[in-house]
Amino acid sequence: MYTVKFDTDAKLKVVADSMILTTDSETNAGSKMLKGYKSLLESEALLKLKAAGYGLCGKTPVGEFAIDLLGETSVDGAYTKDGALMLASADAVKTGDADIALVLDVNGSVRRGTAQSGLISVKPTYGTVSRYGTVPVACSGETVSLIGKTAEDCKNALSVISGHDDKDGTSLSDELCKSALSCGSVKRIAVLKSMTEGADSCVKAKIDAFVNALKENGIEACEIDDTVIVKSRAAWNILMSAELCNNVSRYDGVKYGYRTENFTNLDELYTNSRTEAFGQLLKTAILFGSDTLSTENYMKVYDKALRVRRVVLEAFNKIFGEFDAVLMPACSKMVYTEKDTENKFLSYTENLYTAPASITGLPAVVACGVQLVGKAFSEGALLDTVNAVCKEGK
Amino acid sequence: MRYETVIGLEVHCELATDSKIFCSCSAHSYGAEPNSHVCPACCGMPGMLPVVNKRVVDYGMKAGLMLNCHINRVTTFDKKSYYYPDLPAAYQTTQWFAPVAVNGLVEIETSKGKKNVRIKQIHMEEDAGKLVHDIREDTTHVDFNRTSVPLIEIVSQPDLSSAEEVEAYLERLKTLLRYARVAECEMAHGTMRCDVNLSVRPEGSDKLGVRTEMKNMNSIEAIKRAIEYETSRHIDAIENGTEVLVQETRRWDDIKGKSYAMRSKETAGDYRYFPDPNVMPVVIDDKWFDEISESLPEFPEVKRERYMSEYGLSEYDSEQLAKSIALCECFEDAYSVCGSAKDAANWMLSEVMSNLNARQMTYDMLTLNGKALGELITLVVDGKVGRANAKKILNAMFDDASVSPAEYAEKNGFVISNDTGLMDSVIKTMVAADPKAVADYKSGKEKAIMAIYGKCMKELKGNCDPQTLRTKLIEYINSL
Amino acid sequence: MDRETLRLLELLNQLKLTEDEKKETFSFFEDRKADSCGLEAIDTSEVERMVHVMPIMTVVREDKVSQPFSREDLQSGAPETDEGYWCVPRVVE
């Protein structure tokens, strides 16, 4: 079963993934560590949706702390259909169980899952949706996001959840949040050649089809070269892993969650609880993140990545001087099978496509299997563009 | 060979805010039920995000300015990671890269004279929880009430060289921080704690010796003993090779009077600091900076000098008042109303002090309304209330800061009447009732009259001018 | 990355890897290192670090107390509590 379902009379149904904390159901963040965990607080974004008439119709599993490829590391098991890995949240929307999925985009699984399902997702500009009530992993870049069948569904739900929240110190003013929802259409789009090169022919075909659709709609699309944005991945992997390492260190078998039965002292309690509850990808990511912050590495690895983040944002902004958005794939292939997950660390390379928007906080819309990354506060325009251009999902 | 001790201190002071530094739980953890001041953030649960308490920054700045520091106009918060049961999220949010205040100077005075101690930095951070080891033998109990209570850590340069200097420095910090009303600094309450870094070197040498650290010392007397002990242990090791000194953290056992090396993990000290992505940089603009600067009190020395030169108080009285900002403020308010600095000082140092003592209150706990004290002094000076009744009124004012002395005197019949007829009749009655005392007085025992005087005063409920009563009583007896 | 560094990282992060996991972790570190080579090529000597992607500053709240959570609720999912405390094996000091 991919989702815990609840009854709801609401006309609009929302599923929340297991990074979104809820008070009346389990939020396990995909980890054995939090199996059965019930939160005392509820996600601000979900509360806003509920207040606007949406009914929570289910909780969908995620990969352990949402850093994997498509949820395959979830304590609830990988979710597959006909041999293909699926993102549970996306499938809940695709099958019509839910109108919208409320998810936390940490390392791009949301965008990969959306691209595969042919749905539409929006990762709004960082700071426009409160992260209060989400399981923290990579706080400097993760964003509460939405998956829907249409751009309109996404925009409607986004207009509900976006806005200032005093409880989130990184939350932007209402005025800025609102500006991200304004209507509009992009006129010129840059196609990032360096990003498309490594993708398979199916993905390239999606890009080509999208470019044609853009042109049919009078939107210019130009191929451009770039040598910086492709390096987002390496920098993001450093920042994400370091923050992850710090954020999941709280899970130690003392306050709540999984506790080992096998201990005689505090050190064993900590180590065995964590070792027994965490999966390989998470463990390795923790150690890698920890290493980037060591006294020896901090300046040359972590601090470097922080500076590269600015370089990447500047590279984007330079492109935005001429173009309204950047077109790139969301993943290297349109179908992942369980065989792909034999490489446990695939998400650390497949996030080549998702890292640029994650590390910069720029808005990203996935539609028709491809990804548009726009200027800050342009997600409204991106969604409108997709609405006009995309034949799928209409 | 002669040796000198080189000491640097890291002093933690809990800031006297109402709520914690990053969440809205009460910051008053001392003596509270275990885990009664906690929220999901305080117990390391996921989902809440830190939002900085503005008053913590206010107080951090104030502390910095009191210690003559440079204030960093952009100050940031960082995460420090380590595992310990008193640290629920396994990280402490502190200031590593840009602390609120740096490069300060504190002047201390000891038997050897005055000396400057340089302050390296003051940073703001969250406190850890409390571990209780004496409930069950095999278990440590964890209380998160103190988790995230705001602290400042004041890091000195290694400028101190004796237990006496350390004591003077700590006392000076206490006075200054209490003056600015930013911290209680009560070691017995754990609101001031101290790590002592100590090394020993041949006198005159500019090379530092091996440094040891003693953590979480919580009384000045213990710190002094620990310094004496560590100093001689170091000298012993250097001179006699009794042991090899290593840089380490040691625990001071005040009962045994010895320090012990603490077992430390192989990975100790690897804190993996990095900037907290959830806390935005705090920018202190001119308006904020000026607001805080202007709110700072005079330094104790300035007050003392001013009380002497401007108000004509004695050095002793000035010194006594300047010990606490609460005394100073009460005194200055009282003076502003009653117009006599000497009367105000006398009342402060006699009646107010004895009330504090009787209530086992420290000077800083004084909440007496100084203006009302000034009104009370005026009532006494104007002969409207007798001194004994004035003390009763003061007592009521201690119990309830809203008490108005004039109204209280009126309500309780403490107002001295000008009705001499009443006084005359009371004198007559009391003298008639005690012929023996009258006889004694007439035979030369002047003190005998005091018994009758006392009875009259009691009958009049104290509402008369003592001098008038005395004169009238003597006149009456003499006329018999 | 060598075995000793990995051992210390495990210790520091309260984790214990199996031999297989160690092997995979070594190769993971190798891959990341190769990926990071690209970063070294970017000159960042004149670039300021970017911790926060949005340039907002000074987010503070008023010093006000509110405590809507009860100890009972906070400890409802706790592996072990006693007299209102969380419990851990005795920490020897």
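Start by selecting C:Asp63 and B:Arg55: their side chains meet in a salt bridge, 2.9 Å from N to O. Keep in mind as you go that this is a predicted model.

**Stop 1: where chain C meets chain B**

That pair sits in a wider patch, so let's widen the selection. The count of salt bridges between chain C and chain B is five. Polar contacts join 30 residue pairs here, both partners being at pLDDT 80 or more. To see which parts of chain C are involved, colour helix H1 (3-12), strand E1 (60-61), helix H3 (71-74) and strand E3 (85-89) of chain C; each supplies at least two residues of the side that touches chain B. Colour that side by class and you get 19 nonpolar, eight polar and twelve charged residues.

Now show the whole contact: 39 residues of chain C against 57 residues of chain B. Together chain C and chain B bury about 4,200 Å², with 57% of it on carbon and sulfur atoms.

**Stop 2: where chain A meets chain C**

Swing over to the other face on the list. Select C:Asp35 and A:Arg233, whose side chains form a salt bridge at 3.0 Å, N to O. Between chain A and chain C the salt bridges number five. You can also look for polar contacts, which link 24 residue pairs across this interface (both at pLDDT 80 or more).

Next, pick out helices on the chain A side. Those that give two or more residues to the side touching chain C are H8 (232-247), H9 (266-277), H10 (280-292), H11 (298-320), H12 (347-350) and H13 (355-360) of chain A. Which helix gives the most? That's H11(A), with nine residues. By class, this side of chain A has 27 nonpolar, 19 polar and 14 charged residues.

Zoom out and the contact takes in 60 residues from chain A and 46 residues from chain C. About 4,800 Å² is buried between the two chains, 66% of it on carbon and sulfur atoms. Try selecting A:Leu40, A:Leu287 and A:Arg307 here: these supply 14% of the area that chain A buries against chain C, more than any other three residues.

**Stop 3: a pocket on chain B**

Go back to chain B and select B:Glu171, B:Lys174, B:Thr175, B:Ala322 and B:Lys323. Of the 32 residues lining the second largest pocket, these lie nearest its centre. The pocket holds about 1,100 Å³ of space. Add strand E7 (101-110), helix H2 (163-179) and helix H5 (300-309) of chain B, the elements that give two or more residues to the lining. H2(B) gives the most, with nine residues. Turn on class colours once more: the lining of this pocket divides into ten nonpolar, five polar and 17 charged residues.

**Stop 4: closed spaces**

Last, look inside. How many cavities of 30 Å³ or more are there? The count comes to five. For the largest cavity, select B:Ala41, B:Pro50, B:Ala89, B:Tyr91 and B:Glu126, which lie nearest its centre among 25 lining residues. About 360 Å³ of space lies in this cavity, and its lining has 14 nonpolar, six polar and five charged residues.

The second largest cavity has a volume of about 50 Å³. Find it in chain A by selecting its lining residues, including A:Pro61, A:Val62, A:Leu70, A:Tyr79 and A:Met86. Its lining has seven nonpolar residues, three polar and no charged ones.

How values were computed. Residues numbered from 1 in each chain as written. Chains lettered and ligands numbered in written order. Predicted model: local features only at pLDDT ≥ 70, side-chain atom pairs only at ≥ 80, totals over all residues. Heavy atoms only, no water. Contact = heavy atoms within 4.5 Å. Buried area = accessible area lost by both parts, 1.4 Å probe. Salt bridge = Lys/Arg side-chain N within 4 Å of Asp/Glu carboxyl O. Polar contact = N/O pair within 3.5 Å; in protein donor to acceptor, adjacent residues only side chain to side chain. Helix = DSSP H or I, 4+ residues; strand = E, 2+ residues; numbered from the N terminus. Nonpolar A, V, L, I, M, F, W, Y, C, P; charged D, E, K, R; others polar. 1 Å grid on protein atoms, 1.4 Å probe; cavity = no way out; pocket = protein on both sides within 12 Å on 5 of 7 lines; lining within 4 Å. Points joined across faces, edges and corners; volume = space filled by probe spheres on them.
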